[in-house]
Each structure stands twice: as structure tokens, then as C-alpha cells.
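I opened a notebook page for this protein and kept a list of what I looked up. The entries follow in the order I made them.

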Amino acid sequence: MWADTETSVDYLNYSEVAELVSELIANPDLLPLSLGVFGGWGVGKSSTLRLVEAELSKTADRFLLVHFDAWLYQDFDDARAALMSVIASSLVAAAPEGLVQKAKSLVGRVNKLRALGLLVEGGAALAGFPTFGFANKAIAAASDLLTGNVTKEDVDALKGAGKEIQDQSKGLFNPAEKHEPPEEITAFRKEFGEVLAGLNRTLVVFIDNLDRCLPRNAIHTLEAIRLFLFMPNTAFVIAADEDMIRHAVTQHFHNPSERHVVDYLDKLIQLPVRVPRAGVQEVRAYLFMLLASPSIDAGGREKLRLYLIDKLQQSWKDDNDFKIDEVLSLIGKSEDIELRRALTMADRMSPMLAYSARVQGNPRIVKRLLNVVRMRAAIARKRKMPLDEAVIAKLALFERCTETAAVEFLHDQINAAPNGRPDLLARLEAAETPTELGELTPEPWQKYADVVKDWIGLEPKLTGIDLRSAVYLARETVPLRLTAAALPAKVRIAVETLLQTATVSSRGAAEAIGTLDGGERVLAMEQIIREMQKDPAWERARSDFRGAILLARSSPEAAKQLRRFVEALTERPAWLNAQVRNEAWMV
């Protein structure tokens, strides 16, 4: 099994992108700089950030590196305040003795602005961003939040700034004129610049998981970034799905024009860099690394990694492919039959994983597919099922590259066939021409005719194999069928938020549900139930169940799903009974 997390070890030749980003940051003539590392879910944005950090760390005395996970603060803090606090605290930790007090003053100013609830509204407006009255709302509540050093003069100044912000935001993305920011923000920027100058290092802030946040948090984080831009010796590296950020702008600012949405992000990101999509050779190299790593030591893994990266970098040349025999010889595993068989399987699967519309070379999907295969193979061994791992892999690949209806049709064919050997597969594998294969492809598979053509040709052949145990494994491990990756992006983000619901009054959870329509709430409940099924520990109250309850309250159809799930639990702990006792959908 392989961990589904970002890594600072390059398996996909992303170092070329990381080196480019590092060179841009290291060029003082380009500072201050905001740079976007763009790509879809699972393509390797977070890993690219890690590689950039590793590259900059080679000259650590030149840089102060700060990490900010936007999603981590989604339901626990104001995203703007959180980012400012993280940066200010990092400056305190790095400041020499003569700068410590000035750096600590930054932390105090952040707390002061946090108490006032305004933070970067004035700075955002100064930069030309709309604030839509958020400042005014914060000021209305300021009297209840005043603490510590906040004075009446501060409140008066911020009230005046709030009125100016509200007036200038009437023209969406087109403020009539610029106004001075609140006094505290001016002071914060001044001290921030002085501390940076005293450190004589470039501040590099890595913003990750922005596209996993709800629109409000995503936009607030971007506003906070804007507060720091155009300060000397700063660089912001923002990893995000570009489409999701544009969606957040659209949702947060109530359907502005397409031009304004594009302008918003382009105004913030000076240099966009896109993580390249993995092709066949990259997928092959990635699979080879994953499959070989468990059987070799750290030295062997690094030798293989460098060999494969070199091959990828030289792939534009003729006859520069890497072959299984060469790989096995390099790591001293020429006689390892099991590893040879696994690499052969990877060789055959790579084109489908690279070209399939439902995978497109996505490293996270590839890794999850391998984890599904390994888990099913482990269960098969424990239960003494006569099922080869290559057969499991081939069927899991079909699941990944098609859809539920196509998979269920295959399972029905297997279950209805004598001894689990369907004639359909035998006929398809015996077809002699693409035309004949196309004519034999059943209607539920016609949508994926190209996938079926490539899949049928993969080894091993399935004719004559009893596949009933494979169907059993697929259905028993249904939570592992990778369905989350195929969800609409906003449903996936909502599910991720609901799974982390801290309380039943969670504002983040309520906003997540509010982004979904009726059908999407049913999809979200299906995914939450799948995730809950993975964890059998029900001794204590669970955040995922809290999220499910809130979702059930918003949709009668989703409520029916949760009720069926609850009623199917063999043992219901007291805390769970207490939570559902007064829910209308349980009556």
C-alpha cells in the first residue's frame, strides 16, 4: 500500500517545474512576486510545492519559508487573520535579537485587527478588490469584540474606512476612486517591511489547498495575500485548481461577468505555472517506482528514481525507452518473478491510465487504483481465493475507466454465467478485428467502446477464469472504488468540509450545504456514507456523522439514505441514539 499524501521525492519529473519556480523566486529583479501553481485535483500541486521548498532550502540563508494550509483553518478561524498570524509568527521565530520586539508588534497588530473583525478589508479595497459591505458588518459587531489595546480612536477610524469601502464597492471590480487604508493596516505594512528588511531574506509563503476551501474562505485568503503583495522581498506561491478559484469568485461575488472573474485571478497571480499532465512514459515510470519500492532499500530506490527521471528527461530522443529487464537489472531483482509480473502488468495498464478520460494520467488516481488492487489481493490471499493479482488489477482498471452502470453490467454477466465464466468476455477476447469487436460490444458498454477495445486486449485474458470471487471483492470493497474522484468538484469540496464538521452549528458546514442543489446533496450523502463505512469505530461522537445529520436536515432524499445507514448499524452507541432521537427523518 502507498500513502495518499504529497511527497518531496520526485517520481514524475516535476523537478523541472520546481526548478523553474525556484529560479523565478531567487531572482531579486522579479520580487515582489505572486506565482500560481495550477492543476486539477491530484495532479501533484502539493508535491510540486514540496519540491520548490527543497530546492530553495539548498540556500536556506537567503529565504524564510512559510507554509499555510488554507483548508486547515476553514472552520476554526478567519482565513485572513490565520494567514497574517502564521506569517507574523514565522517572522518572530526567525528574527534576531534586535528585531524580536518589532516582530512581536506585528503579532499584536494582527490580534488587534482580528478583534475588530476587519483585517484586510481596507487593504483589499485599496488594491481595487470589492468588499461588498463586509467591513461595515464587522464594524457593527466591533463593540462586542473590543479587547486589549483597541481604542475608541481605532473604532472611529475603522468606521470611517468601512463607509469608504462600502461606497467604492458599489461598482463591481471597478472602484470609483482609491482611499487610504485604515491606520492599523498602514502600520502593519510598515512594520512588516521593516522586519523583512532587517532579516535581509526573501519571505516565501506557500499557500496550499486553496481550491478545497469554500468560496468565502478561498476569497478571504486571496484578499489577505493581496495585503502583502508589492512588499519588498516577498514571494507567494499559490497551489490551486484554477477553475475552482474562478468558481469561488463567481459564487462569492454573486455571478459577476466572465471578464471580471478572469481579471480577479489575473490581477492576483502575476505568473501562472501549470503542472504538466502525465503521459504514458510518466505513468509507466510512476508505476515502476511504486511497485518496485517495497522490495528494495533506500539506496536502490534512489538509484531507480534517478534512472527513470533521466529517461523521462531524454524521452524526446529516439530509442530512449526504459525496459523491464533494464530496471530489474539496475536494482538487482532480475530473478524476482513477482516483481517482473507486476511491472509487466504496469506496462500494459499505462496507456489506458494515461489516455482514459476518467484518469488522464492523474498520479493520485493511479496510486489509489494500486491501493485498491493491493487491498483486494490481500483479502483474496487471506480467504484463499484462486485469483491472480493481475486479474484483480484488470477488473479494477475497468471500474476506474468506465462508470457504475458498465461495471454492474459486467458483474451481472459474471454472476449469471455458469461457474463465473461469462460468454461475453470469451466472445470479445476472440474477436479478430476491431470491427468485429465493436459489433460484439454490448449496449451498456458502447459509451466506452474505445476503453473496452484497449481493455479486452490487455493480459491476462479472462476467458475460462471463474470471476465470481473478483465480483465479491469489488462489492465488499465498494468504499474503495474511487468514486470521490469522479464527483463534481463542488460536491467533493462540500463532502470534505462535512466530514470535518466540528459542531452541529458549524457555519462552514452550513455554507457547504448551501452550495449544493437537491441532486448534489444526494450525491454528497452517498459519498459521506461511503467514507463512514470505512471507519468501524463508533465508540465516540464523530465529525463525519455530524456533517451527515446537517445534510439530512436539508434534503428529504439524503435523509432517507442516512436513515437506511443508521438502521443497518448492528450496534448503535448511546451518543448516536441521542443525536438522532429528535431528528424528523428518524421518526
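Which residues are linked with K102 in a network of salt bridges? I looked this up and found K190 and E194. I also noted that the model is a predicted one.

**Entry: the whole chain**

I looked up the overall make-up next. The protein has 29 helices and 5 strands. It has 587 residues, and 52% of them count as buried. I then checked contacts between residues at least 6 apart in sequence, and 76% of these join residues at least 24 apart. For the accessible surface I wrote down about 26400 Å², with 51% of that area belonging to carbon and sulfur atoms.

**Entry: salt bridges**

How many salt bridges does the structure hold? I noted 23. I then looked up some of them one by one.

I began with E242 and R274, whose closest N and O atoms are 2.6 Å apart. This pair links distant parts of the chain, as E242 belongs to helix α10 (residues 242-252) and R274 to strand β5 (residues 271-274), with their positions 32 residues apart in the numbering. Is E242 buried or exposed? I found a relative accessibility of 14% for E242, and since buried means under 20%, E242 counts as buried. Its partner R274 is partly exposed, at 48%.

I went on to D263 and R259, which form a salt bridge with 3.1 Å from N to O. Both residues sit in helix α11 (residues 258-268), 4 residues apart, or about one turn of the helix. D263 is partly exposed, with a relative accessible area of 34%. For R259 I wrote down 54%, and R259 is exposed because the cut-off for that word is over 50%.

The next pair was R284 and D347, with 2.5 Å from N to O in their salt bridge. R284 is in helix α12 (residues 280-292) and D347 is in helix α15, so the salt bridge ties together parts that are 63 residues apart in sequence. I checked the surroundings of both: R284 is buried at 6% relative accessibility, while D347 is partly exposed at 27%.

**Entry: cis peptide bonds**

I then went through the backbone. Most peptide bonds are trans, so I wrote down the cis ones I came across. One joins L31 and P32, with omega at about -5°. P32 lies in the loop between α1 (15-26) and β1 (33-38). Another cis peptide bond joins E459 and P460, where omega is about 0°. I located P460 in the loop between α21 (449-456) and α22 (468-476).

**Entry: positive phi**

Most residues other than glycine have a negative phi. Which value of phi does N200 have? I found a positive one, about 55°, although N200 is not a glycine. N200 is placed in the loop between α8 (183-199) and β3 (202-208). With a relative accessible area of 65%, N200 is exposed.

Q360 also went on the page, as a residue other than glycine with a positive phi, near 55°. I found Q360 in the loop between α15 (337-355) and α16 (363-382). Q360 counts as partly exposed, at 40% relative accessibility.

Conventions. Residues are numbered from 1 along each chain as its sequence is written. This is a predicted model: local features need pLDDT of at least 70, side-chain atom pairs count only at pLDDT 80 or more; totals for chains, interfaces and linings use all residues. Side-chain values use heavy atoms; hydrogens and water are left out. Helices (H or I, at least four residues) and strands (E, at least two) are DSSP runs, numbered from the N terminus. Buried means under 20% relative accessible area, exposed over 50%, partly exposed in between (1.4 Å probe, protein chains only). Contact means heavy atoms within 4.5 Å. Accessible areas come from the Shrake-Rupley method with a 1.4 Å probe; for residues, only the protein chains shown count as cover. A salt bridge is a side-chain nitrogen of Lys or Arg within 4 Å of a carboxyl oxygen of Asp or Glu.
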